[in-house]
Amino acid sequence: MKILMIAPQPFLEERGAPFAIYHHIKALLYMGHTVDLVTYHIGKPVDLPGLRILRIPAIPGLHQVKVGPSMAKFPLDLLVFLFALWRLCISRYDCLHTHEEAGAMGILLSALFGRKHLYYMHSDLSQQIVSSEFTHNPWLIRIVEIVQKWIVQKAHAVIAICPDIEGTARSMTSKTPIYMIENSAVDESLPAPSQAEIALTRQELGLGTGPVLVYTGTLETYQGIERLIRSIPAVHKMFPDATYVLVGGQNAQIERLYAQAKELGVHHVIRFVGQHPLAEMPKYMALADILLSPRSKGTNTPLKLYTYLHSGKPILATEIYSQTQVLSPDIALLVPPTAEGLSQGAIELLSDPQQAKVLGEKGRLFAEEHYSWRVFLKKSMAVQEEFAANLQLTAA
């Protein structure tokens, strides 16, 4: 099939939704489809045979877009819609695939051009605007709830990325086919770093010989990073040679969190390394004695968990629903979503390296069975074959 995909995201950028979109595109290309992707002007180039990235015109002064809803998305999404409309006017596509809020665009374009529409539901949009603290206006939240339900009901099929999102989608419709395809590790196909490369990185970051606790991902408020920083003094008291490495985030976020760490007197045991390309993620994973996911709210599963599990390193995570959809006490140490819980968990794992090793190995085996690229591809092929079959039936 020739697919027009609409993704209102910076593509590619090192964060959850763009990574998930990348994996879904790879699966489609593996099946022999071609994809024209309409997306923002922001993002790193991607070289995948069969993928053509169609970027909207640049908006002067707009060089980055924060995670989640923002005012910047309004003009960007309008341009995305107009660009997708233009593409459908000048080229023939077999179907539409859309992500996140582009689902609303897909419903309109599907009706205008008579194309089947597959919607990838990465999150509940109404919950996303609350958890990102974009607004607490009940009227606006209600409008977004109505739009989300409309998208799910009018799409010809929906792919949900975790059990909670699947349940939310099913609660909105009894007619639309709903599928669940959980994400896979983002770095599974990347080569492991050499011992020399790991040693050099330790030296460059000034990590010494003590244990290293690593977080990767955005530094948005719902990630719980402020609580993580408040947990560090207690850990530092017990393990003064332990160092925290936080990978990701924008400069303003890093400055704010560094100021918090300085007030607590632990800024010297934290390394804020900022955003790094995907190719460097195995290196930072290899540094870790413990991988951290201190998320404080939300229900959709963090993409990082699949990569964490694949690494074979022990995971310390908060025991909230977004994480327990994937993690259990058998494969991770789950703690209350508080600074005290995070500090006690870190101290427990650092005090018992054997327990940490067992958790990491169990997590790796679990990921191989449930969340590997092989499993992701198998599920994707089954869904796309059924969707394509429905297209052919409709055409006939």
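**Pockets, a sheet and a buried helix**

Good morning. The second largest pocket of this structure has a volume of about 350 Å³. Before I go on, please keep in mind that the model in front of you is predicted.

I will stay with this pocket for a moment. Its lining consists of 20 residues, and those nearest the centre are Leu-12, Tyr-22, Val-186, Leu-190 and Leu-278. Sorted by class, the 20 are made up of 12 nonpolar, 3 polar and 5 charged residues. Helix H1 contributes the largest share of the lining, 3 residues.

One of the residues just named, Leu-12, deserves a second look. Leu-12 belongs to the loop between strand S1 and helix H1. The peptide bond that leads from Phe-11 to Leu-12 is cis, and its omega is near 0 degrees.

That loop brings us to the sheet. In what order do the 7 strands of the open sheet stand? The order is S3-S2-S1-S4-S5-S6-S7, and the pairing is parallel. Strand S3, residues 51-55, and strand S7, residues 178-180, stand at the edges; each has a single partner strand, so one side of each is left without a neighbour in the sheet. On average, and ignoring direction, neighbouring strands are turned by 20 degrees against each other. As a general reminder, the strands of a sheet pair through backbone hydrogen bonds, in either a parallel or an antiparallel manner.

Let us look at two of these pairs. Strand S2, residues 34-39, runs parallel to S3 and is joined to it by 5 bridges. Within this pair, Asp-36 has Arg-52 of S3 as its bridge partner. S1 and S2 also pair in the parallel sense, over 6 bridges. Here the bridge partner of Ala-7 is Thr-39 in S2. S1 is mostly covered, with 5 of its 6 residues buried.

Two helices lie against this sheet. Helix H2, residues 73-90, lies across S1, S2, S3 and S4, and runs at about 145 degrees to S2. As for H1, which we met at the second largest pocket, a later part of the talk returns to it.

Now to the largest pocket, which holds about 500 Å³ of space. There are 17 residues in its lining, and the closest to its centre are Phe-74, Asp-77, Glu-101, Ile-129 and Val-144. Which elements give two or more residues to this lining? They are H2, helix H4 (125-131) and helix H5 (138-154). H5 gives the most, with 5 residues. By class, the lining has 11 nonpolar, 3 polar and 3 charged residues.

Glu-100 sits in the loop between S4 and helix H3, residues 102-113. Although Glu-100 is not a glycine, its phi is positive, at about 50 degrees. Is Glu-100 buried or exposed? Its relative accessible area is 7%, and residues under 20% count as buried, so Glu-100 is buried.

A second glutamate invites the same kind of reasoning. Glu-182 lies in the loop between S7 and helix H7, residues 195-205. With a relative accessibility of 10%, Glu-182 also counts as buried. Leaving aside residues up to four places away in sequence, Glu-182 touches Ile-161, Cys-162, Pro-163, Tyr-306, Tyr-371, Phe-376 and Lys-379.

Tyr-306 leads us to helix H11, where it is one of the buried residues. Of the 8 residues of H11, residues 304-311, 6 are buried, so this helix is largely enclosed by the rest of the structure. What do these buried residues pack against? Their neighbours are strand S8 (212-216), helix H10 (281-287), strand S11 (290-293), strand S12 (315-318), helix H12 (321-324) and helix H14 (353-370). After H11 comes Gly-312, whose phi is positive, near 80 degrees.

Finally, the enclosed space. A search of the whole structure finds 1 cavity of 30 Å³ or more. About 860 Å³ of space lies in this cavity. It is lined by 50 residues, and Arg-15, Gly-16, Ala-17, Thr-218 and Tyr-222 lie nearest its centre. H1, H4, H10 and H11 are the elements that give two or more residues to the lining. Here we return to H1, which supplies the largest share, 5 residues. By class, the lining of the cavity divides into 15 nonpolar, 24 polar and 11 charged residues.

Thank you for your attention.

Terms used
Residues are numbered from 1 along each chain as its sequence is written. This is a predicted model: local features need pLDDT of at least 70, side-chain atom pairs count only at pLDDT 80 or more; totals for chains, interfaces and linings use all residues. Side-chain values use heavy atoms; hydrogens and water are left out. Two strands pair if DSSP finds at least two bridges between them. Helices (H or I, at least four residues) and strands (E, at least two) are DSSP runs, numbered from the N terminus. Axes are lines fitted to C-alpha atoms, for helices over the stretch in contact, and angles run from 0 to 180 degrees between N-to-C directions. Contact means heavy atoms within 4.5 Å. On a 1 Å grid over the protein atoms alone, a cavity is a set of points where a 1.4 Å probe fits but cannot get out, and a pocket is an open set with protein on both sides within 12 Å along at least five of seven lines; lining residues have an atom within 4 Å of a point. Grid points are joined across faces, edges and corners, and a volume is the space filled by probe spheres set on the points. Ala, Val, Leu, Ile, Met, Phe, Trp, Tyr, Cys and Pro count as nonpolar, Asp, Glu, Lys and Arg as charged, and the others, Gly among them, as polar. Buried means under 20% relative accessible area, exposed over 50%, partly exposed in between (1.4 Å probe, protein chains only).
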